[in-house]
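Here is a short tour of the empty spaces inside a protein structure and of a patch on its surface. Have a look at the model first, then read on.

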Amino acid sequence: MFSLNLFLEQLINGLITGSMYALMAVGLSLIWGIMDLFNFSHGALYMLGAYAVFYLATALGINLIASSFISISALFFLGVLLERFLIRPLRPLQGKDIWAWIAGTIVVTLGFGILAETFALIVFGSEYKSLPPLLSGTVNFGFLTLSKQMLLSFFFAIFLITVLGMFLKYTKIGIAMRAIAQEPEGALLMGINTDVVFPVTFGVCAGLAGAAGALLAPIYNIYPSIGWVPFATGFNVVVIGGLGSIKGSIIAGFLLGVIGSVSIIWVSSGWVPVISFGLMILVLILRPSGLFGVSEG
Amino acid sequence: MSLVPVALLIVFPLLIHSPYVVHLMIMGMIWAVVVSSWNLVAGYVGIFSLGQIGFFGLGGYTSALISMHTGISPWFCIVLGGLMGGACSIFIGIPLLRLRGAYIAMLTLAFSEVVHFLDSNLEGLTRGEMSLWGIPPLFDTAEKMPYYYTALFLLIISIILFYRFSKSRYRLAATAIKEAEHSAESLGVNVKKFKLGVFFVSAFFTGMVGGFYAHYVLLLSPTFLKFSYMIDVLAMGILGGIGTVIGPVIGAFLVTFFLESFRFIGEYRFFIYGILLILIILFKPQGLYVGIVDLTKRLDFSGKKKMLITHGSCR
């Protein structure tokens with residue numbers, strides 16, 4: 001049965017999950033646009049972010065918001081290291097042998113993903129861990145009720161995306177990042193040092209993945225393979241929105257969040273991945289540069 | 001020279017009687033065909049596909065379902081499974097022609113995931129997560145020997161075909177496409193037809209061996225379409241050596257036996273797996289086979305022989 005209340009409730013829920021999708025996708029998109037690689041370890045970074053928050057909050061008893069920030073900065077440094085030791089050695093291939101560059105970056109990031117997941121399995125164990133939320137209870141807006149924790153995560157995601165936007169727009173390194181995305185050779189000729197910009201880019205993106213993990217840690221259970229679903233969703237979002245386009249990732253993130261949560265009014269939730277992957281294939285066929293991407297393909 | 005490993009594979013089950021080891025060999029051969037066909041598109045033509053497991057599953061389910069519902073001989077259904085894989089490869093291959101680089105990896109991965117999730121959702125057809133059982137076996141015996149020789153037969157025909165391909169002028173066309181697509185096209189290679197053809201052959205063999213797998217293990221579930229199996233295919237190909245005929249076969253056997261024999265160290269084995277993938281890409285991206293060939297070259301001090309090997313190596 002169709003009811004307007006249910007529809008509105010799912011719409012709001014969709015917007016909230018959409019903010020998480022956008023957070024995942026923005027990182028993937030940024031790495032793609034600036035570093036010209038697709039990061040298959042994004043889901044593993046998400047998982048590490050969630051575990052970091054969990055242990056900071058439970059074992060050390062640090063406040064949830066503070067531990068989120070610590071976990072985001074820890075992931076930033078991990079990202080810097082990953083760029084330095086996994087991606088930079090492959091960099092010479094980029095101009096020479098494009099196939100080896102694509103295959104190499106996919107396999108190396110995937111390899112790190114497996115490594116991180118197994119590490120979590122061995123060190124943290126396979127059992128589900130759950131974190132008590134910072135805010136419990138719900139808020140009532142007349143016809144719909146929302147959990148406070150979800151709302152908090154939503155606003156935190158919006159806050160992070162805004163900060164990222166400001167960073168890209170106003171800081172010197174942010175401008176350098178955009179310059180490389182727009183015109184790699186021109187940027188190099190202007191004296192932009194990729195040995196600084198690339199690690200920072202990877203770090204920022206790892207931090208964003210970690211942030212998504214940290215925000216969802218108090219809402220969902222945490223386990224070693226937790227990263228694959230958000231990775232797959234971020235992957236859908238980033239292709240639909242247009243690889244390399246931040247705006248596209250944000251809009252497509254909300255779009256996919258809403259489509260996912262509204263569609264479960266009619267179909268079982270098992271169909272949601274079919275819908276989003278199907279949509280992604282459709283976009284790749286009809287408009288490979290994505291809904292908001294710069295046509296380049 | 002190349003007959004020695006074939007002869008060894010033929011006498012293998014006569015010498016080793018353990019059904020367990022024979023089973024591992026069969027799985028190794030199944031993977032060897034899948035990885036070799038993946039190598040055909042990824043290694044030679046440079047289409048970095050992440051959807052090989054989708055064709056494998058499609059072939060398996062098609063073959064199993066047709067033989068269950070119509071009673072047609074599983075032998076014929078295996079070929080139908082291959083054709084289904086091939087047909088879907090054309091379906092996904094046409095939009096693929098317009099894409100390049102990492103977009104190809106994305107589209108093929110999305111295709112394989114759609115197959116995976118359709119499979120787990122269409123419970124009326126595939127029984128979803130409850131898994132499909134009651135698949136008619138290829139042979140009316142619990143013995144593994146007939147399956148072993150069937151798998152060996154499939155492996156040998158596919159290897160012969162891929163070997164012939166690597167020695168033919170098509171190989172030159174493939175290399176041209178991989179390295180400079182537009183130049184290849186301007187020099188008269190029909191890039192679209194060529195890519196679709198190779199993609200079809202690759203998916204056909206994968207689908208067929210998927211059908212064989214279904215009628216061998218007699219149980220199919222969506223788990224087998226998971227992306228983690230595509231990671232296995234990648235690892236096997238990269239470990240053995242992409243762009244060589246023998247490399248993927250070596251990789252398939254190595255990884256199959258590695259994963260199995262290190263079962264006792266539990267999850268640590270995937271840890272080693274991840275490290276190995278990273279190290280190979282960073283230090284020996286051509287894979288083990290080329291690594292071994294290089295090593296024998298380096299160990300060989302007589303200049304005359306050295307020349308011979310450099311001329312006749314993995315090309």
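The notes below cover the internal cavities and then a nonpolar surface patch.

Please keep in mind that this is a predicted model. How many cavities of 30 Å³ or more does the structure hold? There are 6 of them, and the two largest are set out in the table.

| Cavity | Volume | Lining by class | Element giving the most |
|---|---|---|---|
| Largest | about 80 Å³ | 7 nonpolar, 5 polar, 1 charged residues | α2(A), 3 residues |
| Second largest | about 60 Å³ | 7 nonpolar, 1 polar, 1 charged residues | α10(B), 3 residues |

The largest cavity is lined by 13 residues, and those closest to its centre are A:G43, A:A44, A:E117, A:G227 and A:W228. Helices α2 (42–58), α5 (98–123) and α10 (228–241) of chain A each give two or more residues to this lining.

For the second largest cavity, turn to chain B, where the lining is made by B:I47, B:G93, B:L96, B:L97, B:L99, B:I104, B:K195, B:L196 and B:F199. At least two lining residues come from each of α4 (74–96) and α10 (191–217) of chain B.

Now to the surface. A:I251, A:L255, A:I259, A:W266, A:V267, A:I275, A:L291 and A:F292 make a nonpolar patch of about 650 Å². Helix α11 (residues 246–263) of chain A provides the largest share of this patch, 3 residues. One patch member, A:V267, sits in the loop between α11 and α12 (272–286) of chain A. Is A:V267 buried or partly exposed? Its relative accessible area is 32%, so A:V267 counts as partly exposed.

Technical notes: Residues numbered from 1 in each chain as written. Chains lettered and ligands numbered in written order. Predicted model: local features only at pLDDT ≥ 70, side-chain atom pairs only at ≥ 80, totals over all residues. Heavy atoms only, no water. Patch = residues over 30% accessible without salt bridge, like charges linked within 9 Å, V, L, I, M, F, W, Y side chains within 5 Å. Areas by Shrake-Rupley, 256 points an atom, 1.4 Å probe, with all protein chains shown as cover. Salt bridge = Lys/Arg side-chain N within 4 Å of Asp/Glu carboxyl O. Helix = DSSP H or I, 4+ residues; strand = E, 2+ residues; numbered from the N terminus. Buried < 20%, exposed > 50% of the residue type's maximum accessible area, 1.4 Å probe, protein only. 1 Å grid on protein atoms, 1.4 Å probe; cavity = no way out; pocket = protein on both sides within 12 Å on 5 of 7 lines; lining within 4 Å. Points joined across faces, edges and corners; volume = space filled by probe spheres on them. Nonpolar A, V, L, I, M, F, W, Y, C, P; charged D, E, K, R; others polar.
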